[in-house]
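Hello! Here is the structure I promised to pass on to you. Please have a look at it first, and then read my notes underneath.

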Amino acid sequence: MMWYPIYKRELKASLHSPVIYVLAGVFFFLMSYFTLGMMIEFAGVYSDYNMRQMYGMANMNVTDWIVRGFFGLMNFLMLFIIPLLTMRLFAEERRNRTYDLLVTCPVRDGDILTGKFLAALTIILALLAACSIFPLLLEHYSSPELPVVFTGYLGMLLTVLAYIAFGIFASSVTENQIISAFLSFAGLLFFYLIGDVTSSQEGWKGAVASALSIRQHTLSFAKGVIELKDVFYFCAFTFLFLFLSLEVLKVRRWRT
Amino acid sequence: MIEVSGLTKIYGRTIAIQDVSFSVAKGEILGFLGPNGAGKTTTMRILTGHTPPTSGIASVAGFDVVVDSLEVRRRIGYLPETIGLYEDMTVDSYLLFMAEVKGVGRERRKGRIEAVIEETGLSSCANRLIRNISKGFRQRLGLAQALIADPEVLILDEPTIGLDPAQIREIRTLIKAMEGRKTIILSTHILAEVTAICNRIAIINLGRIAVLGTPEELSRRLGAVRRLSVLAAGDPVRISRAIEWVPGVQSVLKSERLHEGGHLFHVDVREGSDPRKEIVSALIAAGCDLLELTTEGVSLEDVYMSVILGENRK
C-alpha cells in the first residue's frame with residue numbers, strides 16, 4: 001500500500017493545476033460538438049426516406065452511425081489528452097528535484113510508478129464516465145445495441161491503459177515536459193496509424209503493421225465482440241511500457 | 001552505526017569519490033568539510049540510497065545501502081543540498097505526505113508533524129503554500145521532513161546554506177541538541193560550523209578523505225606549528241632578525257597593519273618547542289622593547305588551507 005500516498009498526492013496536484021480543467025473543457029466541447037453533430041445528421045438522414053435510398057442505406061441504425069463514431073472520436077481525442085496529462089508525472093518531479101527526496105524515502109520504484117499510473121487513470125476514467133451521458137441520451141431516445149456500448153467502453157478502458165503506460169514511459173525518459181508530451185503523442189500516433197498501411201502492404205510487412213496497430217485492435221470492440229487477442233494486445237502494450245519505465249527509473253538511479 | 005569502506009563512484013570519466021572509508025559511531029556528529037565538488041554530496045547520496053556506488057561497501061545500522069536499500073532508507077532522514085519541494089502544497093500537508101511516504105504510523109502522524117513544526121520553528125507558516133514561504137523557512141521545512149519519521153540517522157547536506165546569522169544559530173543549536181540521540185553526518189564549507197557542532201571532522205578533497213579526526217587531533221596532526229604574536233617597539237628589521245635567530249622559531253612575518261607603539265610580528269614555532277622566554281631575552285639583548293607576547297594557537301582554518309592547498313599543488 002505504499003503507492004497510496006503517492007497516488008493521493010499526484011491526484012491532488014493534478015486537480016490543483018489548471019491544465020486538467022483546460023483539458024477536460026476542450027475534451028467535453030469536442031465530444032459534445034461532434035457527437036451531437038452525428039446525432040443531428042443521423043436524425044436528418046433517417047427521417048428522409050428518399051435520402052436514405054440515395055445513400056443506399058435502407059436499414060441504417062444508431063449503433064453504426066453514432067455509437068461507433070462516438071468511441072472512435074473518444075479514442076482519437078485521447079491521443080492528445082493523455083500525453084498532456086502524463087507529461088508532468090516524472091518530468092516535473094525530476095526538474096523540480098522533488099524526485100531526489102522521493103527516492104531516498106522507503107518506497108519502491110514500483111510503488112511510485114503504480115501511484116502515478118493510477119492517478120492518471122483515475123482522471124481519465126472520470127472523463128470517460130462523464131462522457132457516458134451521450135450513450136445514455138441515445139438510449140433514452142433510441143435503442144442502440146447495448147452490447148456494443150459495453151464492449152466499446154471495455155475497448156476504451158484497455159486503450160487508455162496502454163496510452164497512459166506509454167505516456168508515463170515518455171515522461172520517465174526526460175526532464176522536459178514538452179519533449180515528454182511530444183514523444184508520447186508521436187509514439188502513440190505511430191501505433192495508431194501503422195495499421196492503415198496494411199492495405200497497401202502485402203505479406204509479412206502488412207501483417208506486422210496490422211498486429212501492432214492500435215486501431216486494428218479496437219475494431220472488434222466496435223462490433224460488440226471481445227477478442228482475446230485484442231485484450232492481450234492492450235495488456236501486453238501496457239505491461240511492456242510500464243516495465244520499460246521501471247527500467248528507466250532504475251538506470252537513472254545509476255547515472256544521477 | 002555507519003560503516004563505509006573503499007567507496008568509489010565514477011560518473012562516465014569523472015571520478016567523484018575514490019576509496020573513501022570511515023565510520024561513525026552511534027550518537028556521533030561527523031562533519032564533512034571541503035571545497036565545492038570535493039565529493040561530499042556524492043558520499044551522502046550513496047549513504048541515503050539515492051545513488052548506488054560504483055564499488056566499495058557502505059552500511060547504515062548494519063544494512064547494506066545497495067542490498068538492503070529499503071531498510072537503510074527507513075532509518076535515515078536526508079536533507080539534500082538543493083531541496084525540491086512540492087510548491088503547490090501547504091507546509092503541513094507536505095509534512096503529512098512525507099510522514100506517509102516514510103511509513104509513520106497513522107496514529108503517530110499528527111503528533112510527529114506537530115513535534116517537528118515546533119522543533120524547526122515552522123508554526124507561523126504551517127498553513128501557507130510552500131511556493132510563498134521564504135528561503136529560511138524552506139530550509140527549515142527541509143530539516144523538518146528529514147526529522148519527521150524520527151530517524152536514527154540524519155544526513156544533512158549543507159543544512160545552514162542560505163540562512164541569515166540568527167537562523168544559522170538556531171539550526172546549529174537544534175542539530176547540536178540531537179547529539180547522542182541521533183547519528184549525524186553533515187557537510188559544510190563553513191569552518192566555524194564544524195568546530196561548533198561536530199565531534200569529528202573529515203576534510204574531503206579531490207574525492208578522497210584527506211584527514212579525519214577530532215578538531216584537536218587535526219590541529220595536532222597537521223598543526224606542526226604554533227603561532228605567537230609579538231608586539232615590539234624599535235627597528236622592525238632588527239626585531240625580526242633577533243627573533244629569527246632564536247632556536248625553535250620557524251618563521252617570522254611582519255604584520256602590515258599599524259599598531260600602537262610598535263610593530264606586530266607573527267611567529268611560527270616548531271612543534272614541541274616553546275621559545276617564548278628566549279624571544280624575550282633576544283629582544284632585550286637587541287635593545288628592543290617588548291610590548292606584548294601572546295599565543296595564537298593554530299586555527300582549523302590553517303589546517304584546512306594547508307590540506308587543501310598542499311593536495312591541490314601535487
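**What I found**

Let me begin with a single pair of residues: in chain B, Tyr11(B) sits opposite Thr14(B) of strand E2(B). Please keep in mind throughout that this is a predicted model.

That pair belongs to the hairpin of E1(B) and E2(B), which has two residues between its strands. One residue to look at there is Gly12(B), whose phi is positive, near 55 degrees. Strand E1 of chain B covers residues 2-11, and its antiparallel pairing with E2(B) runs over seven bridges. Another facing pair is Ile10(B) with Ile15(B) of E2(B).

E1(B) also pairs with E4(B), again in the antiparallel sense, over five bridges. Here Glu3(B) has Ser59(B) of E4(B) opposite to it.

Put together, these strands belong to an open sheet of four, ordered E2-E1-E4-E5 in chain B, with antiparallel pairing. The edges are taken by strand E2 (14-24) and strand E5 (63-64) of chain B; each has a single partner strand, so one side of each lacks a neighbour in the sheet. Helix H1 of chain B, residues 40-47, packs on this sheet and touches E1, E2 and strand E4 (55-60) of chain B. The direction of this helix makes about 115 degrees with that of E1(B).

**The six-stranded sheet of chain B**

Chain B has an open sheet of six strands too, in the order E6-E7-E8-E3-E9-E10, and its pairing is mixed. Strand E6 (76-79) and strand E10 (208-213) of chain B are the edge strands, each pairing on one side only. From one strand to the next, the twist averages 15 degrees.

If you would like to follow one pairing in detail, try strand E9 of chain B (residues 200-205), which runs antiparallel to E10(B) and is joined to it by five bridges. Ile201(B) has Gly213(B) in E10(B) as its bridge partner.

H1(B) turns up again here: it packs on this sheet, touching strand E3 (29-33), strand E7 (153-157), strand E8 (183-188) and E9 of chain B. Its direction makes about 150 degrees with that of E7(B).

As for domains, the assignment for chain B gives domain 1 (2-87 + 140-220) and domain 2 (224-297). The C-alpha centres of these two domains of chain B are 42 Å apart.

**Chain A**

How many helices and strands does chain A have? The count is 13 helices and zero strands. The C-alpha trace of chain A spans about 70 × 45 × 30 Å along its principal axes.

Two helix crossings are worth a look. In the first I picked, the axes of H1(A) and helix H7 of chain A (residues 109-131) come within 8 Å and cross at roughly 40 degrees. That angle makes H1(A) oblique to H7(A), and their crossing is right-handed. From H1(A), the contact is made by Trp3(A), Ile6(A), Tyr7(A), Glu10(A), Leu11(A) and Ser14(A). From H7(A), the residues include Ile112(A), Gly115(A), Leu118(A), Ala119(A) and Ile123(A). By class, this contact of H1(A) with H7(A) has eight nonpolar, four polar and three charged residues.

The other crossing is between H7(A) and helix H9 of chain A (residues 146-172), with axes that come within 10 Å and cross at roughly 140 degrees. This makes H7(A) oblique to H9(A), and the crossing is right-handed. H7(A) contributes Lys116(A), Phe117(A), Ala120(A), Leu121(A), Ile124(A) and Leu128(A), while H9(A) contributes Met156(A), Val160(A), Ile164(A) and Ile168(A). The residues of the contact of H7(A) with H9(A) divide into nine nonpolar, no polar and one charged.

**Where the chains meet**

Finally, the contact between the chains takes 18 residues from chain A and 20 residues from chain B. Which elements of chain A give two or more residues to the side that touches chain B? They are helix H1 (3-16), helix H6 (98-102) and helix H13 (228-255) of chain A. H1(A) supplies the largest share of that side, five residues. By class, the residues of chain A on that side are nine nonpolar, five polar and four charged.

Happy browsing!

Conventions. Residues numbered from 1 in each chain as written. Chains lettered and ligands numbered in written order. Predicted model: local features only at pLDDT ≥ 70, side-chain atom pairs only at ≥ 80, totals over all residues. Contact = placed C-beta atoms within 7 Å. Nonpolar A, V, L, I, M, F, W, Y, C, P; charged D, E, K, R; others polar. Axes fitted to C-alpha atoms, helices over the stretch in contact; angles between N-to-C directions. Parallel < 35°, antiparallel > 145°, perpendicular 65-115°, else oblique. Left-handed = near helix turned anticlockwise from the far one by under 90°. Domains from an automatic or database assignment. Pairing = 2+ DSSP bridges.
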